[in-house]
Each structure stands twice: as structure tokens, then as C-alpha cells.
Amino acid sequence: MKKLLIVLFSLFVLLFSSSVVAKEYKTIFQFSVNIPENYIGVNEVNIDDITNILKSETDINISAFNSLLQETGINNVEYFYNINELENSEIISPNNINFVRDDSPYIKLLQNDLIEFCPGYEKFLTSIANRKVTQLQCSISSNPGLKGYSIYMEHINMFPDIATIQYLFWISNSGMIAATLTCDFYNCAEDRVVFKNLVSSIKY
């Protein structure tokens, strides 16, 4: 279990809905997801194309958007943003859904594993955030159910009043995914639904 903790911690360091119509999107990690029509997927491969589309078809502050991506890091990460939210904000919101992959051997997750993992993860987030991060939930989940169970977690205050919601799961015998939603804790209901549906739709 300590090995799993180390791998998942390293994944997090890399990161530092509803009834809308969905479209299938192929990620850089070779699995597909269904995302709402008003969402975009951004990665290191398509960033230039996405930037050009946003420039021509939206009122998004492209300079601020690119700065946000540079600050959070675009390498080996797949981001999903709500275009409407980006357009309606004077300041580009940090709200996003993202995926990071680690080539880690599959470990069968059991309920007892959480006894050590959950408090350890909370302490780890507190240490890297340099502020008290509070764990609101840490449990075994069947979503997305591709390869065994996942760990579902909710934390608050990685950033002030920001919720960090995660699924950690395997898509294959050697592919583990950290799926993370970052959103305003007090205005996150719709984002939560989109996130859950997106993770549920993963096909590998």
C-alpha cells in the first residue's frame, strides 16, 4: 500500500452534467470519454489548434488562458474546460477536469487499504499546499469500473475555498489514471455531475 501511496502522490504533483448533449473525445492516453458539447479538451498535442479555434469563435482572453495552462503545466495532462465558463469570467477560472496517467502495475484495491491511504493522502496534500487541507471523503468506488475498484476522494483548501475531487483507478494492467475535478466549493454542483458522467463514460 505504501508503494501505491507514493505513485499516487507523484501523480498529484504533476497537476499542481447533466442533460446536455455529449460528444466522444479521444484523449492522449488512448481512451475515449464523452464530454458535453460546451466543453473542450486541451493537451500538449492539440493546444495550438484549440487556441486558434478559441481566438476565432469565442471572446475568451487567450493570453490569460495560455498563461493558466503554462502555470498548471500542459505536458502529459489532458484538461477539460467549460467554454461558457471561460467566456463569462473576467479572470480565467482555474476550474477544470484533468487526467494524468502513470504506468503503474495494477493493485487490487480493498476497503482496508484506505485505513493507511486516506489519512496519508490528506497529510501529503497539506504539506504541498502549505496550508491545512481537509479531507471530506475517501472511499472505494465502482466508477468507472474498467479494472477493479477506484478510490474516490474529496478535499478542500488545496487552494482557498476550492474543492479537489478525484477518482484514482486503473484502465489496464499497467495504466493508472488520476482523474481530478477542481472547482469552487460553493458553486460546484453542475461540475460534479459532469465529472461523474465523464469518468463513467471512459472507454479503453
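Here is a quick briefing on the chain shown above.

This is a predicted model, where local features need pLDDT of at least 70, side-chain atom pairs count only at pLDDT 80 or more, and totals for chains, interfaces and linings use all residues. Residues are numbered from 1 along the chain as its sequence is written, and side-chain values use heavy atoms, with hydrogens and water left out. The chain has 6 helices and 9 strands; these are DSSP runs numbered from the N terminus, with helices being H or I of at least four residues and strands E of at least two.

**Confidence**

- Average pLDDT (the predictor's confidence in each residue, from 0 to 100) comes to 87 for the chain, and 86% of the residues score at least 70.
- Strand β6 (residues 134-141) has the highest confidence, at 98, while helix α1 (residues 2-15) has the lowest, at a mean of 52.
- Residues 13-20 have a pLDDT below 50, and in the model this stretch makes 22 contacts beyond near neighbours in sequence; a contact means heavy atoms within 4.5 Å.

**Surface and core**

- Of the 204 residues, 51% count as buried. Buried means under 20% relative accessible area, exposed means over 50%, and partly exposed is in between (1.4 Å probe, protein chains only).
- About 10000 Å² of the chain is exposed, and carbon and sulfur atoms supply 50% of that area. The areas come from the Shrake-Rupley method with a 1.4 Å probe, and for residues only the protein chains shown count as cover.
- The largest nonpolar core holds 25 residues, and Val 33, Phe 80 and Phe 99 have the most contacts inside it. Such a core is a set of buried Ala, Val, Leu, Ile, Met, Phe, Trp, Tyr and Cys residues joined through side-chain atoms within 4.5 Å.
- At least two residues of this core come from each of β2 (32-36), β5 (96-102), β8 (162-172), β9 (175-184) and α6. The most generous is β8, with 5 residues.

**Two helices, each with a buried face**

- Helix α5 (residues 114-129) has 16 residues and should span 22 Å at 1.5 Å a residue; its end C-alpha atoms are 22 Å apart, which agrees. The expected span is 1.5 Å times one less than the number of residues.
- Buried residues in α5 are Leu 114, Phe 117, Cys 118, Tyr 121, Glu 122, Phe 124, Leu 125 and Ala 129. Seen down the axis of α5, they fall within an arc of 165°, so they line one face of the helix. That arc is taken from the directions from the helix axis to the C-beta atoms.
- Ile 115, Lys 123 and Ser 127 are exposed on the other side of α5.
- Helix α6 (residues 189-200) has 12 residues and should span 16 Å at 1.5 Å a residue; its end C-alpha atoms are 17 Å apart, which agrees.
- In α6 the buried set is Asp 191, Val 194, Phe 195, Leu 198 and Val 199. Down the α6 axis these residues fall within an arc of 125°, so they too line one face.
- Ala 189 and Glu 190 are exposed on the other side of α6.

**Backbone oddities**

- Asn 143 and Pro 144 are joined by a cis peptide bond, with omega about 5°. Pro 144 sits in the loop between β6 and β7 (147-156).
- Gln 30 has a positive phi, near 70°, in a residue other than glycine. Gln 30 belongs to the loop between β1 (22-26) and β2, and is exposed with a relative accessible area of 52%.
- Asn 76 also has a positive phi, near 60°, and lies in the loop between α3 (62-72) and β4 (77-82).
- Asn 130, just after α5, takes a positive phi of about 60°.
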